[in-house]
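Biologist: I am new to this structure and would be grateful for a close look at a single part of its interior. Please take one helix and describe its surroundings before moving outward.

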Amino acid sequence: MTIAQQVRGEWRKLPIPLSELCISTVLRCGQSFRWKLSGPEEWSCALKGRILSLKQDTTHLHYRSIYPVTAIPSCPDDNDDTPALIHDYFNLSVDLGELYKTWSSRDPNFQKKSPSFAGVRMLRQDPWENVVSFICSSNNNISRISQMVNNLCLTWGPPLGTLEDGCVYHDFPEPKALTKPGVEQKLRELGFGYRAKYIANAAKMIVEERPEGWLNSLRTVPYSEAHAALLELPGVGPKVADCVALMSLDKKGAVPVDTHVLQIAQRDYGFGKTKNKTLTKATYDAIGDHFRNLWGDEAGWAHSVLFTADLRTFSERLIKTETKTVTKKLVKKVKHEAGVVKVEKESVVKETKTRSLKRVKDEDVGDEVLSSLAERVKRRRR
């Protein structure tokens, strides 16, 4: 197959309001790192053997599937599974509006911030892609994670075609593709650094030491069992395991905690400052338990809304204002013929002035831990 051999489908639409899904937020908030802006308000990604393009209005999600010639459904109108894929990928069986109401009734902070962040829902991604993406997230930012994942797909992922933007879209490679000789070295050449070894070894473990379908099977086991199983993979710690559990394995109560989430907990939920340079297990567990007690079984979903609200990328949506009221006394004086000045009328006027106080964030931390001791040492040396 050559890249040019592809067939572009027609644009179709599904009745999904912005209150249930806002793609311009969900696809940029550090859950998935492969969606690209391919046109005005149009997002595209190579997904499950096709290039899927999406755009949205207030009442509908518009989609188009572009297949390689060899993968076109025999009767595209009848057999195209793209609607089912969209429904599964965006977890559309979950009533997000009702969840927002529940969380708002329990949490004044959520009630305050959520109106500017409607439609933030958790994706249901391929677990293997999620494992690799969040191994890359260690000491990293969203932009660089996206670049690394894109380079990995360009090198080992099967090409599916191009769009009007001229970009070549590659699907995410299967674990087996990353078990070939030289993968770790090539990953290092692509800028993955110490993460290269973790990714290569994780691929080998899944292919050689785990039964086929092992990662997907973790969707059917309890959270604690799935979390423990993920921790066996090279490069996967508690936060990465929680990210995969939440965004791929249907564990809605998983709450990934990094230093960014710690800052939210300290600023908005009364957690005290810690003397430790990095998150301890006790602090990690305490924050997760606090949010689970506050928000309930879907705490990970609620956490994602507030995490997104705190990203610098979306800071313009939360504009704080300062209002000052100035009281002025206006006195009307009239000079009479005798030269005497008398007060004819006295009134009080109040003027209210409002100015914007835009939120400023130090840096867009995405889904990573930036406050490690090693990172700060490197910064001092610069």
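Modeller: **A helix and its surroundings**

In this predicted model, the count of disulfides comes to zero. The sulfur of C45 has its closest cysteine sulfur in C153, at 8.0 Å, which is too far for a bond. Seen from the other side, C153 is likewise in no disulfide, and the nearest cysteine sulfur is that of C45. C45 is buried, with a relative accessible area of 1%, and C153 also counts as buried, at 3% relative accessibility.

The part chosen for the close look is helix α12, which covers residues 238-248. Ten of its eleven residues are buried, and therefore the helix is largely enclosed by the rest of the structure. The buried residues of α12 are K239, V240, A241, D242, C243, V244, A245, L246, M247 and S248. Which helices do the buried residues of α12 pack against? They pack against α6 (127-135), α11 (223-230), α14 (281-295) and α15 (299-309). Just after α12, D250 takes a positive phi of about 65°.

One residue offers a view of these surroundings from outside the helix. Leaving aside neighbours within four places in sequence, L230 is in contact with A241, V244 and A245, among others. The contacts of L230 also include L215, L218, V236 and L249. L230 belongs to the largest nonpolar core, which has 75 residues. Together with W128, L218 and W295, L230 is among the residues with the most contacts inside that core. Apart from this core lies another, of 20 residues, and I16, V26, L85 and L92 are among its members.

Moving outward from the helix, two strand pairings complete the description. Strand β3 (residues 36-39) pairs with strand β4 (residues 42-47) in the antiparallel sense, over three bridges. Within this pairing, L37 has W43 of β4 as its bridge partner. The hairpin of β3 and β4 has two residues between the strands, and E41 takes a positive phi near 55° there.

Strands β7 (residues 159-162) and β8 (residues 168-170) also run antiparallel, joined by three bridges. Here P159 has H170 of β8 as its bridge partner. Five residues lie between the strands in the hairpin of β7 and β8, where G166 takes a positive phi near 85°.

To return to the part requested, α12 is largely enclosed because ten of its eleven residues are buried.

Conventions
Residues numbered from 1 in each chain as written. Predicted model: local features only at pLDDT ≥ 70, side-chain atom pairs only at ≥ 80, totals over all residues. Heavy atoms only, no water. Core = buried A, V, L, I, M, F, W, Y, C linked by side-chain atoms within 4.5 Å. Buried < 20%, exposed > 50% of the residue type's maximum accessible area, 1.4 Å probe, protein only. Contact = heavy atoms within 4.5 Å. Disulfide = S-S within 2.5 Å. Helix = DSSP H or I, 4+ residues; strand = E, 2+ residues; numbered from the N terminus. Pairing = 2+ DSSP bridges.
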